[in-house]
Amino acid sequence: MSSGRETDSGAQRKPHGWLKTLWHKLGSPRWFYDIGGRWLYGFGAFAVVLLTIGTIWGLAVAPIDYQQGNSYRIMFVHVPTAIVAQSCFMLCGAAGMVLLVWRMKMADMALEAAVPIGLLMSALALASGSIWGRPTWGAWWVSDARTVSTLIMLFLYIALYALRGAIPRAEAAGRACAVLAIVGLVNIPIIKYSVEWWNTLHQTSSFSVVERPAMPASMYLPLLLNVIGFYCFFATVLIARMRTLVLKKESGARWVQEL
Amino acid sequence: MTVFVSSLARDWRANLRQPSQIINPLAFFLLVVSLFPLGVGPEPLVLARIAPGVVWVLALLAALLSVEGLYRQDYDDGSLEQLVIGARPLYFAVLGKATSQWLVTGAPLTLLAPIAGFMLYLPTEQVGWLMLSLALGTPTITLLAGIGAALTVGVNRGGTLLALIILPLFVPVLIFGTAVTETLLLGASREFPLLILCALLAASITLAPFAIAAALKIGVEQ
């Protein structure tokens with residue numbers, strides 16, 4: 001339990017020194033526990049405000065779609081959950097690389113904390129897409145590029161979760177999960193393109209944070225709010241879970257017992 | 001290179017001394033193929049339509065069945081640990097083991113594919129393409145399956161976990177593997193899926209041994 005004291009190693013004078021210091025600090029469970037407690041409220045407050053405004057705006061105020069009627073409104077849940085599920089997988093892969101290269105404890109905890117959230121988000125994206133697909137495509141499930149690659153992502157999340165549960169020693173379990181997360185990260189784009197060439201029904205994305213939207217602002221803005229809101233919600237849950245893991249794994253450390 | 005050859009030769013001899021490990025997955029393959037006409041019905045057109053997909057899915061499942069023991073015995077008798085802590089590069093040793101594994105699973109399965117094709121009324125001109133797609137796809141499958149086998153090497157009864165880990169990774173190989181024989185029905189070219197299969201094979205030969213080696217190191221430490 002020596003970590004938590006190897007911060008502030010004189011990196012401040014170099015260019016981007018603050019970034020390096022932050023990086024070193026992020027490796028410290030104790031520092032993360034303290035600062036995470038404050039971040040938690042920030043992200044939590046943003047999530048509540050953005051999701052409330054975005055959801056009420058999207059469900060009640062935004063105009064009816066001329067083709068799909070009211071059923072399109074499920075996209076205010078469907079699109080954010082799908083985006084967050086994908087980002088979460090990238091986070092898992094990045095955390096896996098950090099863990100294997102630098103053996104950073106916090107990366108292991110980030111990976112462990114993120115997997116169930118990503119699992120839930122991809123399940124929600126699939127479920128909401130399926131509910132939308134029934135009136136629009138006429139079927140609960142259509143095997144096309146997007147749905148299949150999201151389903152595969154869900155299975156990879158389940159595999160990550162199961163692998164951690166199956167290996168008794170925590171450190172080995174974390175590193176095994178890191179390898180699988182990286183392999184999955186490499187494979188996700190391959191799966192995505194392979195299924196796209198195989199069969200495609202799902203419409204292409206009409207939403208992007210940086211480009212001009214292909215839909216009117218009255219639909220686009222609430223969606224944007226909900227996407228950012230879901231990201232904040234994800235960050236809140238992730239930090240809360242990571243703080244719990246810090247307490248659990250560092251339970252032998254003095255600073256935890258003094259809490 | 002000597003590491004590759006010695007590892008390949010050692011596993012090849014070990015496999016020949018346990019013929020049941022080679023024969024069981026192949027028997028499973030032919031047995032399940034013979035169940036399809038019973039389950040789906042004996043209409044030649046229906047069977048011919050699903051034949052490439054059936055053969056390919058069974059190739060995945062046969063690989064899954066056979067790969068479970070790939071590192072298990074070496075793990076149990078300690079030779080895996082010697083391989084990992086030894087000075088010789090683990091990458092080539094792993095590649096040698098995977099090659100030997102493919103020689104006793106993927107290669108015979110490719111050679112058995114015509115029999116499966118005849119059982120499922122696959123048109124004769126398609127059989128060659130099916131064999132070619134299997135010859136290019138099964139090495140990739142063996143390497144990907146090796147990652148799962150290495151990750152679960154220390155796990156007791158890791159069979160279902162192994163399936164959960166590697167079956168999602170097989171998806172691209174399955175899609176392009178079946179596309180080689182299905183294109184005649186869609187009227188597109190065969191070259192594209194064949195080239196993609198080659199690309200997947202090249203990528204997995206270069207990258208998968210790294211993942212397998214990393215996973216084996218973790219497995220030995222625990």
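Reader: In this predicted model, what makes a residue of chain B count as buried, and what share of chain B does so?

Author: The test is 20 or more other C-beta atoms within 10 Å of the residue's own. Of the 222 residues of chain B, 47% count as buried.

Reader: Why is chain B called as compact as a globular protein of its length?

Author: Its radius of gyration is 18 Å. The globule rule gives 17 Å for 222 residues. The two values are close, so chain B is as compact as a globular protein of that length. Along its principal axes, the C-alpha trace spans about 55 × 35 × 30 Å.

Reader: Which helices and strands does chain B have?

Author: Chain B has eleven helices and zero strands. Contacts in chain B with a separation of 6 or more come 80% from residues 24 or more positions apart.

Reader: Why is A:Pro116 called partly exposed?

Author: A:Pro116 has 15 C-beta neighbours inside 10 Å. Buried needs 20 or more, and exposed needs 12 or fewer. The count of 15 falls in between, so A:Pro116 is partly exposed. A:Pro116 sits in helix 4 (residues 105-136) of chain A. A:Tyr157 is 41 residues away in sequence, yet 7.4 Å away in space, C-alpha to C-alpha.

Reader: How do you know that chain A touches chain B, and which elements of chain A take part?

Author: Contact requires C-beta atoms within 7 Å. By that test, 23 residues of chain A are in contact with 20 residues of chain B. Helix 5 (145-166) and helix 6 (170-198) of chain A each give two or more residues to that side. Helix 6 gives the most, with twelve residues. By class, the side of chain A that touches chain B has 19 nonpolar, two polar and two charged residues.

Definitions and conventions:
Residues are numbered from 1 along each chain as its sequence is written. Chains are lettered from A and ligands numbered from 1 in the order in which they are written. This is a predicted model: local features need pLDDT of at least 70, side-chain atom pairs count only at pLDDT 80 or more; totals for chains, interfaces and linings use all residues. Two residues are in contact if their C-beta atoms, placed from the backbone, lie within 7 Å. Helices (H or I, at least four residues) and strands (E, at least two) are DSSP runs, numbered from the N terminus. Ala, Val, Leu, Ile, Met, Phe, Trp, Tyr, Cys and Pro count as nonpolar, Asp, Glu, Lys and Arg as charged, and the others, Gly among them, as polar. The radius of gyration is taken over C-alpha atoms; the globule rule is 2.2 Å times the number of residues to the power 0.38.
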